[in-house]
Amino acid sequence: MQRLVDGAREAEVEASTFPALVTELCSRYPRLDERTVRKQSLAIDGMLIHTPMLERFREDAHLVFVTRIAGG
Amino acid sequence: MQPLQFAAPTSLAEAAQILGSSDNPKVLAGGTDLLVQMKLGLREPALVVDIKQIPELMQLSLDDSGLHLGAAVPGAVVTGNADIAKLFPGFVEALGLIGSTQVQGRCSPGGNLCNSSPAADSVPAMIANAAVCRIVGGSGERSVPVEEFNTGPGRNCLANDEILVSLDFPRPAPRTSDAYLRFIPRTEMDIAVAGAAVSLTLDDSGTCTAARVAIGAVAPTALLVPEAAAALVGTQLDDDALAAAAAAASAAASPISDKRGTAEYRKKVVGVLVRRAAAIAKARAAAQ
Amino acid sequence: MTSDMKVKTKFRHVGTSPIRPDGLDKVTGRAKYGADLNLQGQVYGHIVRSPHAHARIKSIDFSEALKLPGVLATMSAEDLPEPGEALIPGAEIEMKLKNVSPVIMARDKVLYHSQAVAAIAATTPRIAAEAAKLVKVEYEVLPHVLDMHAAMAEDAPLLHEDNFTVGVDPAPEKPSNIAQHIVMPKGDVEAGFAEADLIIERTVHVPMCHQAYIEPHACVAKSDENGKIDLWCTTQGPFMVRLLTAEITGIPQKDIKVTASEIGGGFGGKTTVYIEPVAVVLAKKAGRPVKIVMSREEVFRASGPVSDAETRVKIGAKKDGTLTAIKSEMLMDTGAYSASAMFAGVLFGTAPYKCDNILSVGSEILTNKPRVWAYRAPGAPQALTAVECVINELAWELGIDPVDFRLQNAVEKDDIPLYGMPFQAVGLKECLQAVKDHPNYQAKLGENQGRGVACAFWINAGMQSSASIHVTPDGGLSVMTGSPDIGGSRASMALMAAEVLGVPFETVRPAVVDTESIGYCDGTGGSRTTLATGGAVIQAAEKLVEELRKRAAASWQVEIEDVVWMDGKAVERCGVGIDELIEGSSPVKDGAKVLTLAELAAAAGHTGGPLTAVASLHAHNAAPAFAVNVCDVEVDPETGKVDVLRFTCAQDAGKAIHPAYVEGQMQGGAVQGIGWALNEEYLFDDQGVLDNAGFLDYRIPVASDLPMIDTIIIEVPNEMHPYGVRGVGEVPICPPMPAVVCAVNQAAGTRLYDLPMSPPKLLAAIDGEA
Amino acid sequence: MKKLHVSTTVNGQPCEYLCEPGQVLSDILRNELDLTGTKEGCTTGDCGACSVMLDGALVCSCLVLAAEAEGKDIETVEGVARDGKLHPVQQKLLEHAGLQCGVCTPGIVVAAKALLEKNPDPSEEETRYWLAGNLCRCTGYDKIIRAVMDAGATMRGE
């Protein structure tokens with residue numbers, strides 16, 4: 001995913017829901033597509049959300065995309 | 001596919017006759033090699049002959065002439081016999097190294113020999129102790145020294161209708177003892193990467209007057225190495241003598257590289273084992 | 001979303017180690033594992049496997065096989081839907097059906113020796129095996145490639161003509177055997193190395209290995225006249241089996257019921273399917289239940305082994321021991337289809353350390369070997385082994401104690417690892433301190449002996465779980481989940497239910513039920529069961545308590561707020577505060593009404609009907625686990641034989657629900673890691689045929705190889721979990737490999753990083769031949 | 001294929017079965033006699049999960065032809081607990097959490113019982129070597145060894 005955002009590691013984004021976050025990121029980084037974003041897990045203030053589709057974010061929330069990892 | 005037949009004769013004569021009647025028979029003693037080979041499709045006999053109902057095959061006697069060990073006596077019976085362990089500690093240890101406790105309940109010295117694996121643990125120890133095979137077949141009885149029994153990996157001198165009946169160990173001279181060591185990557189459950197058996201006789205001054213050295217898993221069959229024995233006889237079994245025996249054993253080895261070890265590794269390690277086994281045999285003989 | 005949860009610290013049941021409820025059946029032989037079910041009218045499936053490592057399938061002719069009396073059905077990839085480019089919906093991670101379906105039955109090409117190409121159902125196992133030999137498969141043999149470096153060469157045989165490396169810019173125009181590539185940078189590694197006083201760089205090779213669970217894969221499938229499928233199998237995830245079987249066979253999930261048998265080990269290896277879809281198709285075609293049991297040889301040759309990896313690690317440090325930069329470049333073998341855990345290796349290999357400058361790069365390589373699959377903390381052991389070996393060398397060179405060196409650089413709360421998510425409270429430093437204080441760390445080493453230390457990290461999973469609780473009329477509790485019990489989880493579930501409900505442990509009967517009897521549960525894997533399924537049990541139990549209070553309130557005609565649940569009873573508050581009552585600071589008022597669980601249960605029919613509670617959740621509260629191992633070995637310098645003398649494991653469990661089984665996870669993982677370090681490896685011949693497909697020569701540790709494995713459970717609670725639980729199952733396999741390697745290298749005076757450290761290799765290194 | 005008729009004693013009861021000449025005892029125990037406590041982990045004698053007692057000898061039942069058992073006395077894990085009471089080995093395995101997945105457990109129960117009957121006070125090393133043929137992949141053996149030695153102590157009345 002980092003490759004498709006030209007190496008950016010951090011961004012300030014205004015979005016209160018996950019769909020809005022995806023839309024905002026995809027418009028900011030044209031090479032980024034929705035599927036790539038949705039493939040990631042999302043950590044919201046330390047909680048790792050495997051499927052973040054319905055998540056809402058508070059203001060100043062710290063979000064981290066984490067590659068989905070399989071366990072054993 | 002030819003359907004498999006099973007027979008459990010109760011006499012040597014019956015066994016020889018049944019074996020002779022099939023063109024693809026296999027003798028079943030403890031089954032710890034044969035049944036594995038059948039499972040993996042490596043052997044597909046037409047007839048399996050269980051020889052454990054034949055009294056001679058299950059007999060064990062220890063007398064002045066030595067040890068007479070029925071070929072199908074389970075390992076656990078031999079290793080549980082303190083008198084045998086006293087006379088042939090190395091052989092008993094070698095037999096005890098074959099497989100797990102469960103395998104010990106079934107495997108036999110005769111089976112270990114007749115499977116004709118170059119890595120069989122008890123075979124170098126039989127050779128070091130100058131054991132002789134008693135063989136009975138349709139055409140009578142014969143004796144073969146253990147070192148001449150196997151002719152290559154998976155091959156031996158038995159004819160289709162012949163059975164190994166017993167292994168006869170001459171009674172060791174006073175101040176004689178033996179030792180067997182093998183190398184495996186784990187502590188149990190592996191096939192020997194290299195093995196070495198040494199039998200030594202000492203005189204009162206501690207000089208070695210007779211020796212037999214045999215090595216396993218480093219040639220197509222277990223080998224008697226007279227050069228290694230020669231390096232020991234006449235010495236006090238000091239470090240130099242042991243090193244010379246080790247070098248002779250390494251030189252006699254002609255191992256292959258396979259999943260269990262490289263040829264170079266086996267050559268090196270078999271020497272180490274001969275040296276260490278000789279030291280143990282020396283200590284045991286000296287303690288008598 | 002910030003967690004303001006109060007983590008419970010005082011427990012009555014949690015933290016004790018009672019006898020597991022399923023124990024009696026397991027010590028008496030009554031427990032039914034995968035191969036233990038036989039159905040009336042059952043027939044037997046046998047799979048025909050490829051004799052080639054790479055070949056085009058030109059034709060499959062069943063005519064001779066069908067002539068054999070007793071043969072009832074045949075199958076090949078023709079019987080399965082064409083996978084196309086479809087993704088498997090709802091899979092744990094993104095998976096393409098075309099990378100999964102051919103592992104069940106090869107289509108067009110075989111890509112590894114023993115890949116399934118056809119199957120037979122017959123009335124006896126022997127007839128099925130005979131018939132399988134009569135299936136004529138015509139192959140066009142293709143050149144194969146087994147080694148990762150050879151697979152990356154320009155002229156290497158291509159496994160997939162349509163594989164264009166994912167993750168490189170611009171996208172490649174030519175197909176290759178590199179499935180994926182990833183670059184994860186943080187800071188500036190070159191600047192970091194420039195600051196370093198000492199830089200050490202090593203290449204560490206970890207071999208392909210196998211999970212080596214003792215129970216082979218086994219299943220029985222039944223198809224009825226309406227096409228409903230009943231599938232019994234040994235698996236870590238019955239719902240996963242339902243999903244994959246549906247996707248692979250085209251049968252809808254609603255028509256498939258999966259019942260998980262008792263499971264004889266998995267370690268990640270049973271988080272996918274191999275034989276289940278085959279049994280289903282054969283059962284449909286034969287009109288009879290079909291049983292398939294893989295042989296041990298098939299398990300080794302044709303299930304999913306574990307990636308070999310080659311990792312080049314370069315680490316810089318200042319004289320005072322501060323790490324300045326870490327660079328890790330990993331090649332991970334995925335076998336014939338992309339499925340490796342390369343991402344986890346790249347992301348987590350550096351996780352134990354504070355370091356501002358990290359560059360971690362990975363490539364996933366396709367080779368003509370079996371498609372790899374998960375094994376405890378997939379991807380992490382390979383990466384961590386490489387990093388830890390270099391960390392140890394740095395400590396030695398700098399003259400700093402290896403534990404102190406790690407304490408100096410260990411991550412703690414608020415540090416941000418390469419994967420970006422800041423740590424909450426973690427127990428790495430506590431683990432390091434604990435091993436340092438352990439008597440084993442003070443034990444004197446003799447000649448030819450060495451000591452190795454290693455840290456490890458694993459992220460742990462949450463995911464989806466369901467639980468339901470029913471109350472018997474006399475107050476017994478049955479707790480049902482869909483998580484197979486692979487190592488004592490029934491005991492943990494019962495402990496947590498007993499804790500919430502305040503009843504004796506023995507009152508609770510935990511059960512693992514089929515996919516139609518409980519809501520969706522992700523598999524037992526990812527160290528998630530105690531956390532997530534346990535979380536569902538806690539929630540269901542809390543709901544049940546609410547219901548019980550409601551019933552009591554109704555009986556007494558008071559408000560629910562006036563009823564407190566304590567010690568397994570509803571108690572009338574009579575104005576006393578709930579907390580004061582529960583904590584015991586205020587006594588129950590004289591004359592307060594009391595109803596026991598049994599009394600409430602007996603009256604349930606009059607107060608609203610049966611007492612049940614259900615909870616389903618998607619757990620987002622997983623927290624990572626750290627572990628530290630110390631290993632002492634002795635090396636025989638003349639044979640290269642290694643003896644493990646002492647082994648110490650410390651691990652942060654968050655909260656150990658059932659400490660004995662937490663120790664068991666630590667000890668089992670330690671021994672698996674010891675095996676991987678010393679003797680376990682896949683040995684292929686030059687034709688790609690596995691040369692050691694059995695327990696004789698695939699050498700897992702036996703009892704006599706080992707000392708006792710000493711354990712120290714550290715409990716730094718997971719702040720997001722009501723009981724503080726972290727996952728415990730996976731991280732134990734991460735530190736033992738590097739701990740053993742470093743101990744051996746110290747003992748032998750070698751720098752051998754080509755695992756396993758089997759005696760021939762180690763002796764060659766000792767003798768300076770490596 | 002013509003089957004062979006075999007008469008044996010299984011867990012103290014007379015028992016007859018029909019087997020093919022090539023069938024192994026573990027197969028008959030599991031699939032004909034429904035004694036599935038005897039497990040098959042390898043069928044080549046390497047894992048010990050199929051351990052049974054055959055005329056008092058500890059063996060892998062996957063390496064015994066069913067036909068060989070004629071006239072013999074077989075004891076399986078199902079016969080270890082007697083009169084509704086667990087054997088000390090079983091009890092101690094439970095108490096020490098000496099099983100995780102449990103699939104190797106029946107073999108360990110049979111093998112450990114045989115050990116303690118032969119050697120009532122085995123050392124840790126003797127216990128480890130006796131059980132070397134019983135592979136366990138879950139526990140790292142620690143708790144199994146402790147349980148077996150503790151069972152020995154119980155049987156000695158300690």
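In this predicted model, C:Arg751 counts as partly exposed, at 41% relative accessibility. Its salt-bridge partner is C:Glu393, with the closest N and O atoms 3.5 Å apart. C:Arg751 sits in the loop between α21 (736–748) and α22 (759–766) of chain C, while C:Glu393 belongs to helix α11 (residues 380–398), so the bridge ties together parts of the chain that are 358 residues apart in sequence. C:Glu393 itself is buried, with a relative accessible area of just 2%. Elsewhere, salt bridges that share partners build one network out of B:Arg186, B:Asp190, B:Lys259, B:Arg260, C:Asp691, C:Asp697 and C:Arg699.

Over all chains, the salt bridges come to 87. One of them pairs A:Lys39 with C:Glu94, at 3.5 Å between the closest N and O atoms. This pair crosses between chains: A:Lys39 is in the loop between α2 (34–38) and β1 (41–44) of chain A, and C:Glu94 is in the loop between β3 (71–76) and α3 (101–104) of chain C. Both ends count as partly exposed, A:Lys39 with a relative accessible area of 34% and C:Glu94 at 33%.

Within chain C, another bridge runs from C:Arg107 to C:Glu82, with 3.6 Å between the closest N and O atoms. C:Arg107 lies in the loop between α3 and β4 (109–110), C:Glu82 in the loop between β3 and α3, and the two are 25 residues apart. Here the arginine is the buried end, since C:Arg107 has a relative accessible area of 18%. C:Glu82, by contrast, is exposed at 60%.

Turning to chain-to-chain contacts, four pairs of chains touch, and chains C and D share the most contacts among them. Chains A and B are not joined by any contact, and their closest C-alpha atoms lie 27 Å apart. Chains A and D do not touch either, with 14 Å between their nearest C-alpha atoms.

At the C–D interface, 54 residues of chain C are in contact with 45 residues of chain D. The area buried between the two chains is about 4000 Å², and carbon and sulfur atoms give 57% of that. On the chain C side, C:Val27, C:Ile214 and C:Met708 lose the most area to chain D, together 18% of what that side buries. There is plenty of polar pairing to look at too: chains C and D are linked by six salt bridges, and C:Arg126 meets D:Glu20 in a salt bridge of 3.0 Å, N to O. The interface also has 30 residue pairs in polar contact. Two elements of chain C, α1 (23–27) and α20 (659–678), each give two or more residues to the side touching chain D. Of these, α20 gives the most, with nine residues. By class, that side of chain C has 28 nonpolar, 16 polar and 10 charged residues.

Back inside chain C, C:Gln449 is part of strand β16 (residues 449–458). With 18% relative accessibility, C:Gln449 counts as buried. Its side chain makes a polar contact of 2.8 Å with that of C:Glu634. Leaving aside residues up to four places away in sequence, C:Gln449 touches C:Lys444, C:Val633, C:Glu634, C:Leu645, C:Arg646 and C:Ala747.

As for cysteines, the count of disulfides over all chains is zero. For B:Cys157, the closest cysteine sulfur is that of B:Cys133, and at 6.7 Å it is too far for a bond. B:Cys157 counts as partly exposed, at 23% relative accessibility, whereas A:Cys26 counts as buried, at 18%.

Key. Residues numbered from 1 in each chain as written. Chains lettered and ligands numbered in written order. Predicted model: local features only at pLDDT ≥ 70, side-chain atom pairs only at ≥ 80, totals over all residues. Heavy atoms only, no water. Contact = heavy atoms within 4.5 Å. Buried area = accessible area lost by both parts, 1.4 Å probe. Salt bridge = Lys/Arg side-chain N within 4 Å of Asp/Glu carboxyl O. Polar contact = N/O pair within 3.5 Å; in protein donor to acceptor, adjacent residues only side chain to side chain. Helix = DSSP H or I, 4+ residues; strand = E, 2+ residues; numbered from the N terminus. Nonpolar A, V, L, I, M, F, W, Y, C, P; charged D, E, K, R; others polar. Disulfide = S-S within 2.5 Å. Buried < 20%, exposed > 50% of the residue type's maximum accessible area, 1.4 Å probe, protein only.
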